[in-house]
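Let's take a look inside a protein and see what empty space is left there. Have the model open beside you as you read.

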Amino acid sequence: MSHPLSAPGSASPPPPAPKRIGPAVVIGTTLEWFDFYLYASMAALVFGRVFFPSGDSSLSTLAAFATFAVGFLARPLGGVLFGVLGDRIGRKAVLSLSLLIMGLASGLIGLLPSYDAIGIAAPVLLVILRVLQGFGASAELGSAITVAYEHADDRTRGRYAALPALGAQIGLLAASLAVTAVTSFGDDFLYTWGWRIPFVASFAIVGVGLWIRRAMPETPEFERVTKDARERRTLQLLRDLMKSDWRGLAVVAAVYGGYAAISYTFKTFSLSYLTEFQGVAANVGSFGITLASALAIITVPVIGRLCDRIDVRFAIMGGAGGVILLACPMFWVLDTGRPAYIWALLMLTTGVLAPVLIVAASPFMARQFPTAVRASGLGTGREISGAMAGGFAPIAALAMVTVSPSHATWGVSLLIVAAALLVVLGASFDQRRRVDARSRPLCEGRAESTVGASPMTGAG
C-alpha cells in the first residue's frame, strides 16, 4: 500500500546513509554562517571607520551596526520566498541557492573601496551587498533544520537537529579566528586591507560548499508529499499556512525571536561595548568568541544527545533561565576589563547557554508544522522574528548605552531578560499534539484518503 502522501505509483525511497547528510548540513551551514558572523564582527570593529568616518567613533559604529540591521530587513522576504520554494521544489535546491547568493555577496564586500576612495558610493554599495547577504542567509538555517529533522526519527531528532547548530558554531569559530588573526597585526593592517582577506576568501568557500551539497539527497518526507501539495501557488500555500498553522508560526516567532536577540547581543554588542566604553583591545573580545565557539562545538552534540532523552521544552526553559540569571552579572564582568574574566563570560554565554537554546529549539520549531508546510512555516516564523530581534537588539543595546550620560547598562539587562521570557512563553505553547492529530489518520494507511485530501496534510 502506498503512503498517503506519495504520488500515485511512487515508492518511498530508503533512508539515505547518515554520513551523506551530516557533512552536507554541517559544512554548508558552516560556510554560510562564517560569512554572516564575519560581517557582524567587522561591523563592530572596522566598518565604522572604513565606510562611515566621523569625528565621533560611537556614531560611526552606530552607523555600521545599522548596515548590520539592514541585512535583517531583507530576511523576512527571503524567509517567506525560500520557505515556499523549499515546500515546492525541495529542500536541497534552496540550500544550494542560498549558499551561492550569500557567498558571492560576502566576497564582493571584501572588494569594496573605502569611503575615502569613492565617497558616499562606498556605504551605498555596502548596504546593497548586505541586503543580498541577508537575503541569502534567510534560507540557510531553517532549511538545514528541516533537512536534519526529516532525515531523523523520534529517537534521533535531537542529535540530527544539532547538526545545523554545530555547523553554525564551526562557522563562528572560523570567523572569530579570522577576526582574531587580522586584529592581531595592528590597526594599520586591519583598517587598510587586512579586514578584506576573510571576505574575499568567500569566493573559494562558496565553491567548496556547492561541491559538498551536490550529492546531498532530498528528504524522504518531502518526497512523499503529494504532487498537488507541491504545485500549490505561493499565495495559496501561504493562505493554507496562515489558516491552519498560525499557532505554530506564533510559537516559532517567539522562540527564535527571543533566541536571536540574546545571541546577537552576546556576540556583537559585547564586542562593541568592550572596545567603545571599556577601552579593551579588539582582539580580546574576538578571542573570547573564538574560545566560546570552540567550547560550543563540544557542547552542541552533547546537548543534541540530551534532547533525545528529555523533552526539548525543558532544555529551552533551562537555557532561558540561565540567561536571565546572567543578564546583570555579565556587565559586572565586562566592566572589569580583565581578559580572563571576559573570556570566561563569553564561553558561558556564547559557548553554553546560546547553544542550549538553539539546539533544543531546532527540533521544537520543526515539529510545529506538518511536512507539506514545514519549510515555509519555519522560514516565515523564524525570519520575521529573527530579523527584528537579531538585527535590532544589538543596535538598540548600543544606543541605550550611548545616550546614557553614565553609559548605564541596566536597559540592556532588561532587554536580555525580556528576550529570555519571550523564549519561555513560546516554549509553553507547543503545537506538536495538534500537528500529530492532523497527521495521524493518514499515517494509519488510509491510501484512499489521498483523493480529495487537503494538501496541507503531511507526515509530522
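The largest cavity has a volume of about 90 Å³. Keep in mind that this is a predicted model. In total, the structure holds six cavities of 30 Å³ or more. How do we find such spaces? Rolling a probe the size of a water molecule over the atoms shows where empty space is left.

Which residues line the largest cavity? From the earlier part of the chain come Trp33, Tyr37, Leu141, Ala165, Ala168 and Gln169. Further along, Tyr256, Tyr259, Ser263, Tyr264, Lys267 and Ile358 complete the lining.

Sorted by class, the lining looks like this:

| Class of lining residue | Number of residues |
|---|---|
| Nonpolar | nine residues |
| Polar | two residues |
| Charged | one residue |

Which helix gives the largest share of this lining? That is H14, with five residues. Helix H14 covers residues 246-277, and helix H1 (18-45) and helix H7 (157-183) also supply at least two lining residues each.

Now step back to the whole chain. You can count 21 helices in it, and zero strands. Of its 460 residues, 59% count as buried. What about contacts along the sequence? Among those with a separation of 6 or more, 86% are between residues 24 or more positions apart.

Finally, turn to the outside. The chain has an accessible surface of about 17,400 Å², and carbon and sulfur atoms account for 67% of that area.

Methods
Residues are numbered from 1 along each chain as its sequence is written. This is a predicted model: local features need pLDDT of at least 70, side-chain atom pairs count only at pLDDT 80 or more; totals for chains, interfaces and linings use all residues. Side-chain values use heavy atoms; hydrogens and water are left out. Helices (H or I, at least four residues) and strands (E, at least two) are DSSP runs, numbered from the N terminus. Buried means under 20% relative accessible area, exposed over 50%, partly exposed in between (1.4 Å probe, protein chains only). Contact means heavy atoms within 4.5 Å. Accessible areas come from the Shrake-Rupley method with a 1.4 Å probe; for residues, only the protein chains shown count as cover. On a 1 Å grid over the protein atoms alone, a cavity is a set of points where a 1.4 Å probe fits but cannot get out, and a pocket is an open set with protein on both sides within 12 Å along at least five of seven lines; lining residues have an atom within 4 Å of a point. Grid points are joined across faces, edges and corners, and a volume is the space filled by probe spheres set on the points. Ala, Val, Leu, Ile, Met, Phe, Trp, Tyr, Cys and Pro count as nonpolar, Asp, Glu, Lys and Arg as charged, and the others, Gly among them, as polar.
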